[in-house]
Amino acid sequence: MNGSLVGSYVVPVHPHPLLVPEQNEGWGRIRAAFDEARDAIKESGADLLIIYSTTWPSIIGHQIQADPNPQWTLVDQDFHDLGSMDYSFNIDAEFAEAWNAANHNRGLQSRTVAYHGFPIDVGSVVALKLLNPDNAIPAVIVSSNVYANRSETTVLAKACLDVIKKTGRKAVAVTAMSMSNRMFTEFIDPSDDRIHSLKDDEWNRKVLEFLEEGRLEDVAQLSRTIHQQIRVQKVVTFKPMWWLSAMNGNRNNLTGRVLAYEALHGAGGAVVQLDPTSTGMGDKEYDEDDVEYYRGERNVLDAEEHSTESDEPLTPQTGPALWEPPESQGAVNSKAAPKPVGMYPHARQVGDLLYLSGVGPRQPGTNAIPGGPIRDDDGNPVEYDIKAQTRAVVENIARILEEAGSSMDKIVDVTSFLVDMDRDFAGYNEVWAETLGHYGPTRTTLAIRALPTPIAVEMKVIAKI
Amino acid sequence: MTELAPTLMAKGSIVAGCLAPHPPHLVYAENPPQNEPTSEGGWEQLRWGYERLRESLSNIDHDVLVLLSPHWQTYVGTHFLGIPHFEGLSVDPVFPNLFRYNYDMNIDVELSQAIHDKAKGSGLAVKMMENPDFRVDYGTITTGHMVNPAFDKPLVVISSNRSTHYYSVEVMQEMMMELGRVTREAIEESGKKAVILASNSLSHRHFTTESEVPEDMSKEHIASHAMHLWDMRIIDYMRTGQAQRILDEMPEFTEQAIAESDGGGLTWLLSTLSVPNYPAILHGYGTIIGTGNAIVEWPCYAHEGDAQ
């Protein structure tokens, strides 16, 4: 299957356009923009709405709503006098569970929540009630982790894309967020609403100018600066742009449209549409690490002796058991390399030569496979990224060589094994040229039927010490 | 008659002030009938601390609990629950696996309104919350449960204005000192005996992972040594009657310990107690997913007139 993102939207989180659009002309225009976005989403044929909400903070990784039909009456903590918001949503619990599994596969901490009475946040409620009032399109909602950095947020998006592609969905991504989020700290008459300060207004207009030009990745790269300039610190950050940009392949040539920009009790509220169709303006450089797999601070519960990534559980969820590499004569074993799937060392030194056991892309500690596995737990083939897998193989080789006191430039000979030569040779060859090819070892590439774990590439290396 | 009541009544008073943090883990660990999830215990040091606090408060006559919760976060002014009765299901949005609590509580609307009116008169932005569909925040419920699980005394519940993050700790302190002052005045004029509860932890850096068994105490410890040092420094000030030093160091403490005092509860508490210069009683200290939590009581009833 070949799913894709068919559209993206930025929408505000305040309840005013939902509850009292008639009280202020600007709130009414935001409501009209929500209505326009609703119609465009319907027309796009989307079969999934994905909400990333800044008003659902989480601490323990990300949380994904998985109650198929959450129902409640929400009252805003600040604007309770505007009224109550009854809701009953159509949540795609199956997608939520698959996304959660994909998160784990990419090294993220996450969980699904499916509890009666779970308090769905105001940003999600406003978005879903206005963009999907008849619940015709199933939705998922993900929290905004207060500690997440760009890497974690990017990987969260990539895991989501894994599932979209795998399930063939036509998805729309929505970030529920403010532009500037500084509200008036006193009560105001609705007719007096305006953006809190000229500075906030100018920043908002610059950000919206970028978005209207389709420069989403530029906004994502400016996210930290924007947060410092026009955001109330700690309340929520501008990280949804990291997620949205990663959902769109970190592009700058989307087709953007600002449907409305107005004040909501002083904060900047905008409804923005981002169409994946290229403007033809040419993409810009993506200058941050394109991380595939999250390897950040995740072992804090282990009080003793841990590095950033080597103390994860050893037992894989599926596949062969992992072994402690034996300490036989001449053996070289690295804690920074993935555990073997049998009783053999990572490498063995004989004289001044080092013979490496077959090296795959599995990650040390977690056993996850960058670029995704080639088949799911049921053995069904799934989409994967051969280039990401090949890069991970090279990284693992480098770690083992380093442990042995050798290095990449001392590699003499490589034998590579691909499980699908037709599909993967070009991608594998490209990464080879960028990495090992520079050092000039001899190479033999073989097509084989299978490898012990669901990976597409493995390399056997001989190097000098 | 109503208008004359304050002058005819005995003067009200604050009989105790407490730092009473609200981690839902403590309710989860107690397995009360109101909470749906069940546990094998955990966080005993803190739960035993709450036992000691409950025992202490049971010996002090009081009519009402006045509570400020950092998990009713308001950005536009300070709000007060303004309806006599609330009941419903509270599910913690961060730890729904631990806290799904059926609550049933009464509000002292008269006292709430009195504090609200005085705060408004002194220039603070305030609002009464009178929407019957409103769901009470889990911080209020957790602290309310741990202090008085029967919920047989009415509460005044005050929101946490986020002025620290809109402005600075200094601005927050100015506002909370004033809110504390008018809270004390309103209580005194009400003729009621009140216990004050600031529902916040101290250092507040969480772990970002959860152990498979949440109550696995082999995994529990303070997030970092720096957090421990800050917690002990603040507790030492509490135990030695140096509340003013806590206020003086609040900006550094709040920033460096990422402390939940950012919500204003601790400053408000110390202000209601007229910045006490007598020792507080430490009933317990412990960590919860890395954050520092202290259960502390200022026994005001024994020190009337001692404050600065």
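## Exercises on a predicted two-chain model

Leaving aside neighbours within four places in sequence, Ile141(B) is in contact with Ser90(B), Tyr101(B), Tyr103(B) and Val136(B). The model is a predicted one, and the exercises below start from this residue.

**Exercise 1.** Locate Ile141(B) in its element, and decide whether the residue is buried or exposed.

*Solution.* The first step is to place the residue: Ile141(B) belongs to helix H5 of chain B, which covers residues 138–147. The second step is to count neighbours, and here 30 other C-beta atoms lie within 10 Å of Ile141(B). A residue counts as buried if that number is 20 or more, and Ile141(B) is therefore buried. As a last step, take the distance to Glu130(B): the two residues are eleven places apart along the chain, and their C-alpha atoms are separated by 18 Å.

**Exercise 2.** Treat Met146(B) in the manner of the first exercise, and state which residues Met146(B) touches beyond four places in sequence.

*Solution.* Met146(B) also has its place in helix H5 of chain B. With 26 other C-beta atoms within 10 Å, Met146(B) is buried. Once residues up to four places away in sequence are set aside, Met146(B) touches Ala20(B), Leu26(B), Val27(B) and Tyr50(B). For a separation in space, consider Arg54(B), which is 92 residues from Met146(B) along the chain, while the C-alpha atoms of the two are 8.1 Å apart.

**Exercise 3.** Determine where Leu98(B) is found, and whether Leu98(B) is buried or exposed.

*Solution.* Leu98(B) is found in the loop between E4 and strand E5 (100–106) of chain B. The count for Leu98(B) is 23 other C-beta atoms within 10 Å, so the residue is buried. Its contacts, leaving aside neighbours within four places in sequence, are Pro24(B), His25(B), Tyr28(B), Pro37(B), Asp92(B) and Pro214(B). One of these contacts, His25(B), lies 73 residues from Leu98(B) along the chain, with 6.5 Å between the C-alpha atoms.

**Exercise 4.** Describe how helices H3 and H5 of chain A pack, giving the angle and the handedness of their crossing.

*Solution.* Begin with H5(A), residues 150–167, whose 18 residues reach 26 Å from first C-alpha to last, close to the 26 Å expected at 1.5 Å a residue. This helix is mostly covered, since 14 of its 18 residues are buried. Just after H5(A) comes Gly168(A), with a positive phi of about 70°.

Next, compare the axes: those of H3(A), residues 93–105, and H5(A) come within 8 Å and cross at roughly 130°. That angle makes H3(A) oblique to H5(A), and the crossing is right-handed. Finally, list the residues that meet: Phe95(A), Ala98(A), Trp99(A), Ala102(A), Asn103(A) and Asn105(A) from H3(A), against Leu156(A), Ala159(A), Cys160(A), Asp162(A), Val163(A) and Thr167(A) from H5(A). By class, these residues comprise eight nonpolar, three polar and one charged.

**Exercise 5.** Carry out the corresponding analysis for helices H7 and H9 of chain B.

*Solution.* H7(B), residues 169–190, and H9(B), residues 243–256, pack at an angle of about 135°, and their axes are 9 Å apart. The two helices are therefore oblique to each other, and H7(B) passes H9(B) in a right-handed crossing. Val169(B), Glu170(B) and Gln173(B) in H7(B) meet Leu247(B), Met250(B), Pro251(B) and Thr254(B) in H9(B). Sorted by class, this contact holds four nonpolar, two polar and one charged residues.

**Exercise 6.** State what covers the buried residues of helix H10 of chain A.

*Solution.* H10(A), residues 386–404, has 19 residues and reaches 27 Å from its first C-alpha to its last, close to the 27 Å expected at 1.5 Å a residue. Its buried residues include Ile386(A), Val393(A), Ile397(A) and Leu401(A). Their cover includes strands E11 (331–332), E12 (347–350), E13 (353–356) and E16 (457–464), together with helix H11 (421–434), of chain A. Gly405(A) follows H10(A), and its phi is positive, near 85°.

**Exercise 7.** Characterise the side of chain B that touches chain A by its elements and residue classes.

*Solution.* The contact takes 30 residues from chain B and 35 residues from chain A. On the side of chain B, the elements that give two or more residues are strands E2 (64–74), E4 (85–91) and E6 (126–129) and helix H6 (163–166). Of these, E2(B) gives the most, with three residues. The residues of this side divide into 13 nonpolar, ten polar and seven charged.

Terms used: Residues are numbered from 1 along each chain as its sequence is written. Chains are lettered from A and ligands numbered from 1 in the order in which they are written. This is a predicted model: local features need pLDDT of at least 70, side-chain atom pairs count only at pLDDT 80 or more; totals for chains, interfaces and linings use all residues. Two residues are in contact if their C-beta atoms, placed from the backbone, lie within 7 Å. Helices (H or I, at least four residues) and strands (E, at least two) are DSSP runs, numbered from the N terminus. Ala, Val, Leu, Ile, Met, Phe, Trp, Tyr, Cys and Pro count as nonpolar, Asp, Glu, Lys and Arg as charged, and the others, Gly among them, as polar. The expected span of a helix is 1.5 Å times one less than its number of residues. A residue is buried if 20 or more other C-beta atoms lie within 10 Å of its own, exposed if 12 or fewer, and partly exposed in between; C-beta atoms are placed from the backbone. Axes are lines fitted to C-alpha atoms, for helices over the stretch in contact, and angles run from 0 to 180 degrees between N-to-C directions. Angles under 35 degrees count as roughly parallel, over 145 as roughly antiparallel, 65 to 115 as roughly perpendicular and the rest as oblique. A crossing is left-handed if the near helix is turned anticlockwise from the far one by less than a right angle, and right-handed if clockwise.
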